[in-house]
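Biologist: Please take one part of this model, the one you would examine most closely, and go through it residue by residue. After that, tell me how the rest of the chain is laid out around it.

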Amino acid sequence: MKAVAVLLALVASAAAFVPSSPAGHASRTLPTVKASVEDMLGADIETGGLWDPFNFAKDGEAALYRRRCVEIKHGRVAMIATIGYVMGDLITFPGYLSKTQDIKFSDVPAGMGALTAVPIAGWVQIFLFAGLMETKFYKQDPSKAPGDIATPSWWVRYDDPEVKNKKLTSEIKNGRLAMMAIMGMMVQEMVYHQTTISQIQAGNFNPFPVLV
């Protein structure tokens, strides 16, 4: 189960860079926002400017727009996942996760062990909630910039272009880091059989535990 979870995470984060088929473009509403690769945020000092070893930029504006939307989305999910993964060792909610099955939140282990502890009904609720957010309440509008899915009037907007670009670039970079972080922590747990926090608390920092 752990190996499957890690594999799914790898596939999900890598999907942002996989080219779509031409047939897929024909059935999808084309974005009205220009997505020239030269104008995209995120090509910075870490990548030495524009870094496109597989020439994905040549696939056209529609493909670039979709990939940037996917990258931002996966980055946001990974940031939440990273926080949740770490906080599982630090905070436990009171009460029951499932009263009918007599499962308390304190019965759910931190890290990837939680995947098998949460009942099927819980996973169904999670997927339904995520699906509603994705397809109804926070659906990407092709006329808006990638990742701009906020509709509430109270949502923070930045009028200064320089400040806005800085904030958006930070989000992209933090998302990329979080995608690497959550994958790294899951693989680390498979190797050490410890979550990140428990490993730190135990002082277990040997990168090659099988050699000890």
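Modeller: In this predicted model, a polar atom of the E189 side chain lies 3.1 Å from the backbone nitrogen of M112. E189 belongs to helix α6. The relative accessibility of E189 is 5%, so this residue counts as buried; the cut-off for that class is under 20%. The charged side chain of E189 is therefore in a buried residue and has a backbone nitrogen, that of M112, at 3.1 Å.

The helix that carries E189 deserves the close look. Helix α6 covers residues 161-192, which makes 32 residues. From the first C-alpha to the last, α6 reaches 46 Å, close to the 46 Å expected at 1.5 Å a residue. At the start of the helix, a side-chain oxygen of D160 comes to within 2.9 Å of the backbone nitrogen of E162. At the other end, α6 is followed by H193, which has a positive phi near 60 degrees. H193 is not a glycine, although its phi is positive. H193 sits in the loop between α6 and α7 (196-202). With a relative accessible area of 63%, H193 counts as exposed.

Which residues of α6 are buried? They are T169, I172, G175, A178, M179, I182, M183, M185, M186, E189 and Y192. E189 is thus one member of a buried set that also includes I172, G175 and M179. Those three, I172, G175 and M179, turn up again among the residues that line the largest cavity.

What does a cavity search show? Rolling a probe the size of a water molecule over the atoms shows where empty space is left. For this model the count comes to one cavity of 30 Å³ or more. The volume of the largest cavity is about 50 Å³. The lining consists of E71, I72, G75, R76 and M79, together with E171, I172, G175, R176 and M179. Helices α3 (61-87) and α6 each supply at least two of the lining residues. Sorted by class, the lining has four nonpolar, two polar and four charged residues. Charged residues in the lining include E71, R76, E171 and R176, and glycines G75 and G175 are counted there as polar.

Now the rest of the chain. The secondary structure comes to seven helices and two strands. Read from the N terminus, the elements run α-α-α-β-β-α-α-α-α. Of the 212 residues in the chain, 25% count as buried.

The part between α3 and α4 has some details of its own. The structure holds two aromatic pairs. In one of them, the ring centres of F93 and F105 are 5.7 Å apart and the planes stand at 70 degrees, so the pair is edge-to-face; planes over 60 degrees apart fall in that class. F93 lies in the loop between α3 and β1 (96-98), while F105 lies in the loop between β2 (103-104) and α4 (114-117), so the pair ties together parts that are 12 residues apart in sequence. F93 is exposed, at a relative accessible area of 58%, whereas F105 is partly exposed, at 27%. The other pair, W123 with F127, is tilted, with 6.4 Å from centre to centre and 40 degrees between the planes. W123 and F127 both belong to helix α5 (residues 120-137) and are four residues apart, about one turn of the helix. W123 is partly exposed, with a relative accessible area of 25%, and F127 counts as exposed at 60%.

I91 is also in the loop between α3 and β1. The C-alpha atoms of I91 and S106 are 9.6 Å apart in space, with the two positions 15 residues apart in sequence numbering. At 46% relative accessibility, I91 counts as partly exposed. In the loop between β1 and β2 lies D102. Like H193, D102 has a positive phi without being a glycine, in this case about 55 degrees.

Back to the starting point: E189 is in helix α6, and a polar atom of the E189 side chain is 3.1 Å from the backbone nitrogen of M112.

Technical notes:
Residues are numbered from 1 along each chain as its sequence is written. This is a predicted model: local features need pLDDT of at least 70, side-chain atom pairs count only at pLDDT 80 or more; totals for chains, interfaces and linings use all residues. Side-chain values use heavy atoms; hydrogens and water are left out. The expected span of a helix is 1.5 Å times one less than its number of residues. Buried means under 20% relative accessible area, exposed over 50%, partly exposed in between (1.4 Å probe, protein chains only). A polar contact is a pair of N or O atoms within 3.5 Å; within protein, one must be able to donate a hydrogen and the other to accept it, and residues adjacent in sequence count only if both atoms are side-chain atoms. On a 1 Å grid over the protein atoms alone, a cavity is a set of points where a 1.4 Å probe fits but cannot get out, and a pocket is an open set with protein on both sides within 12 Å along at least five of seven lines; lining residues have an atom within 4 Å of a point. Grid points are joined across faces, edges and corners, and a volume is the space filled by probe spheres set on the points. Rings of Phe, Tyr and Trp (its six-membered ring) pair if their centres lie within 6.5 Å; planes under 30 degrees apart count as stacked, over 60 as edge-to-face and the rest as tilted.
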